[in-house]
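The following paragraphs lead the reader through a structure with the sequence and coordinates at hand. Please keep both in view while reading.

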Amino acid sequence: MAQVALNGLVKRYGAYQALHEVDMTVEDGEFVVLVGPSGCGKSTLLRMIAGLEEISDGTISIDGRIVNTVRPKERDIAMVFQSYALYPHMTVRKNMSFALKLAGTAQSEIDKAVERAASILGLEPLLDRKPKQLSGGQRQRVAMGRAIVRNPRVFLFDEPLSNLDAKLRVQMRAEIKELHQRLGATTVYVTHDQIEAMTMADKIVVMRDGHIEQMGHPLDLYDRPANRFVAGFIGSPAMNFIDGRIDGSGTTCFVASDGTTIPISGRPGLSKGVETVLAIRPEDLTIVPENHSGAFPALVSVVESTGPETIVILASCGTRLSVVVKERSHLKIGEKVWLHAEPEKMHFFESTGDGCRMNI
Amino acid sequence: MRDRRRTLLISLPVAILVIVAVFPFLWMAVSAFKPLAQLYTIPPQWLPDPPTLENFKNVVFQSNIPRYFINSLIISIGSTFLALVFAIFAAYGFARFDFRGRSAALAFVLIGQLLPTATVIVPLYIVLNYLGLINTYLGLILVYLILTLPLSVWMLTGYFRGIPKELEDAAIIDGASQLGVLFRISLPLVTPGIIAVTLYSFVATWNEFVFALSFATEKEMKTLPIGLAEFSTEFDTDWGAVMAASFVMTLPIALIFLVMQRMFVGGLMSGATKG
């Protein structure tokens, strides 16, 4: 296994710069997820690690050795593609043994490696089928099998689950995670799905427009997002943002743009008059009785029940807020309710520029 | 009622088209088995009575047609093979590599195809003559390459473009070289395209008349289309022999088409939509 280090990595396509001096280290055996909206450069970054894209500037090293000019096959990596990229004219067995065959491995060893990978992934009965005879999930498994067979130093995954239906995606998510625990391989995984990122990663790297916005343990990103973009990207339903300013007549409170007042006592350090963005996760907002201290009003506009929980969307503070309610809800559209959030669950971001977290 | 009218509306033009397309072939096939006298009767006699093999005997044993057949075969296979080899590399390059002037070059490939045949005959004759290639197999094979290569390159480019880039990326990561990717992954996947190009190139060469007439003047080098014309003399045309020879000439093409029909049609379609 191996450590992958990126130093000042830049990718340009003519005048367009797709990656801006990216620095990142994937430790030996670590499962790193690159996440971000489409076009943020995450797939380009992965393809550069694979050796499929040229490096405009900076270095990529695997185990301390700079591999900028090393050909993909000599980097000892395996990649699983979004479309699976199985060779349609070869059987599963041939797909899985292709790399070893090219490397000149002895047939007996190839057979052994393929059998081993097939047994790990439960592919034995499918070995003599062609890809078109397989279901989406099976194809996905074969694509992983093809990667495992080579016993590479680094696994790269490029949105491997996005072609699967929701149920299969959850199942494969667990399987990939399990596989990683079993093989302990250094893994870089690209996705635009923040739930995949949260559930699978040892470390999440959030990207936007070719920049790394934040990097860290999933729960650290969830609990302390570095800026408004990360706050809005991580978590589902997305975090609520309320524009306003700090006011300090009597107890410190936040005044939303429509004049709604939310008490934030217990959060010192915010100076009076500062324009700011208050952010609260939907699960940190609760519906309370009118006389609850610090409650502010809201009107119910949509009620979405998912079974175990209900997502209520409300008009309040000059914007739309979502609230996740655990118990069954009997709220009616247009009903007036009162909301409350604990001050320590509130996040504050600058209202200008990148919306950086205000460290208070 | 409406359905029936619709069916009629579709099937009538189709029927007319089929008749127009197939009638000459049927007439040729039937006439090849007629004795001389029955070829000229008015009103025409539809079926030979009795059928005779005299015309075929004439063609096979008393004319140069067998020799021309072999010439046509050698030249068509040779030229098709060469066209395929060049087209595969050229088309793969056009489909996969980004280089300066790619679209201009791809458009330029077709310009040769747009020139009227008559305009290139004289320059070609001078060049071939200079190289001593008049009345040689190689000369004709090269000339036919000019005829078939442009469209072959275009057709195959479409097929290669239809292969997902990720497949080739996967093969490169698996350790294949660029040529390895072409031969192990891409080429097997464009089999329908290869078949379409082979058929197109073979048929175009097999049927070509003007180049053959200009560059194969000696009896030993003539091809079938020229051979057919030999049955017409100043005073007389042996229509029975012409029909029989035409039948012999059509046979290989018809056989190839029948065998590969499904793949050919499928191939043309997939190239069109994915390209």
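In this predicted model, Cys253(A) stands opposite Pro263(A), a residue of strand 13 of chain A. The two strands concerned, strand 12 and strand 13 (residues 261-263) of chain A, pair in the antiparallel sense over three bridges. They form a hairpin with four residues between them, and Gly259(A) in the turn has a positive phi of about 95 degrees. Strand 12 of chain A also has a partner in strand 11: four bridges join strand 11 (residues 240-247) to strand 12 (residues 253-256), and these two strands run antiparallel. In that pairing, Asp247(A) stands opposite Cys253(A). Cys253(A) is thus placed opposite Asp247(A) and also opposite Pro263(A). Strands of a sheet pair through backbone hydrogen bonds, either parallel or antiparallel.

Ahead of strand 11 in chain A there is a loop that begins after helix 8 (228-233), and Pro237(A) lies in this loop. The peptide bond that joins Ser236(A) and Pro237(A) is cis, with omega about -5 degrees. Chain B also contains a cis peptide bond, which joins Asp49(B) and Pro50(B) with omega about -5 degrees. Pro50(B) lies in the loop between helix 1 (2-32) and helix 2 (54-62) of chain B. Most residues other than glycine have a negative phi, and most peptide bonds are trans.

Backbone torsions also draw attention to two aspartates of chain A. Asp76(A) has a phi near 60 degrees, a positive value in a residue other than glycine. The residue is found in the loop between strand 5 (65-66) and strand 6 (77-80) of chain A. Is Asp76(A) buried or exposed? Asp76(A) counts as partly exposed because it has 16 C-beta neighbours inside 10 Å, a count between the limits of 12 or fewer for exposed and 20 or more for buried. Asp209(A) likewise is not a glycine, yet has a positive phi of about 50 degrees. Asp209(A) lies in the loop between strand 9 (203-208) and strand 10 (211-216) of chain A, and it counts as partly exposed because 15 C-beta neighbours fall inside 10 Å.

Strand 5, which precedes the loop of Asp76(A), belongs to an open sheet of four strands in chain A, with the order 2-1-4-5 and antiparallel pairing. Which strands form the edges of this sheet? Strand 2 (16-26) and strand 5 of chain A are the edge strands, each pairing on one side only. Strand 1 (residues 4-13) of chain A pairs with strand 2 in the antiparallel sense over seven bridges, and Arg12(A) stands opposite Gln17(A) in strand 2. In a regular strand the side chains alternate between the two faces of the sheet.

Chain A as a whole can now be considered. Its secondary structure comes to eight helices and 20 strands, and its C-alpha trace spans about 80 × 45 × 35 Å along the principal axes. Of the 360 residues in chain A, 39% are buried. Among the contacts in chain A with a separation of 6 or more, 65% are between residues 24 or more positions apart.

Chain A meets chain B through 17 of its residues, which are in contact with 13 residues of chain B. On the side of chain A that touches chain B, strand 6 and helix 2 (92-102) of chain A each supply at least two residues. The residues of this side divide into 14 nonpolar, two polar and one charged. For the complex, the predictor gives an ipTM of 0.85 and a pTM of 0.82.

In chain B, Leu151(B) is found in helix 6 (residues 137-161). Leu151(B) is partly exposed because 19 other C-beta atoms lie within 10 Å, whereas burial requires 20 or more. Leaving aside neighbours within four places in sequence, Leu151(B) is in contact with Gln113(B) and Tyr200(B). The C-alpha atoms of Leu151(B) and Leu17(B), 134 residues apart along the chain, are separated by 26 Å.

The confidence of the prediction varies along chain B. The mean pLDDT of chain B is 87, and 95% of its residues reach 70 or more. Confidence in chain B is highest in helix 3 (residues 65-96), at a mean of 94, and lowest in helix 12 (residues 239-274), at 73. Over residues 269-275 of chain B the pLDDT is below 50, and this stretch has 15 contacts in the model beyond near neighbours in sequence. Where pLDDT is low, the predicted coordinates should not be read in detail.

Technical notes:
Residues numbered from 1 in each chain as written. Chains lettered and ligands numbered in written order. Pairing = 2+ DSSP bridges. Contact = placed C-beta atoms within 7 Å. pLDDT = per-residue confidence, 0-100. Nonpolar A, V, L, I, M, F, W, Y, C, P; charged D, E, K, R; others polar.
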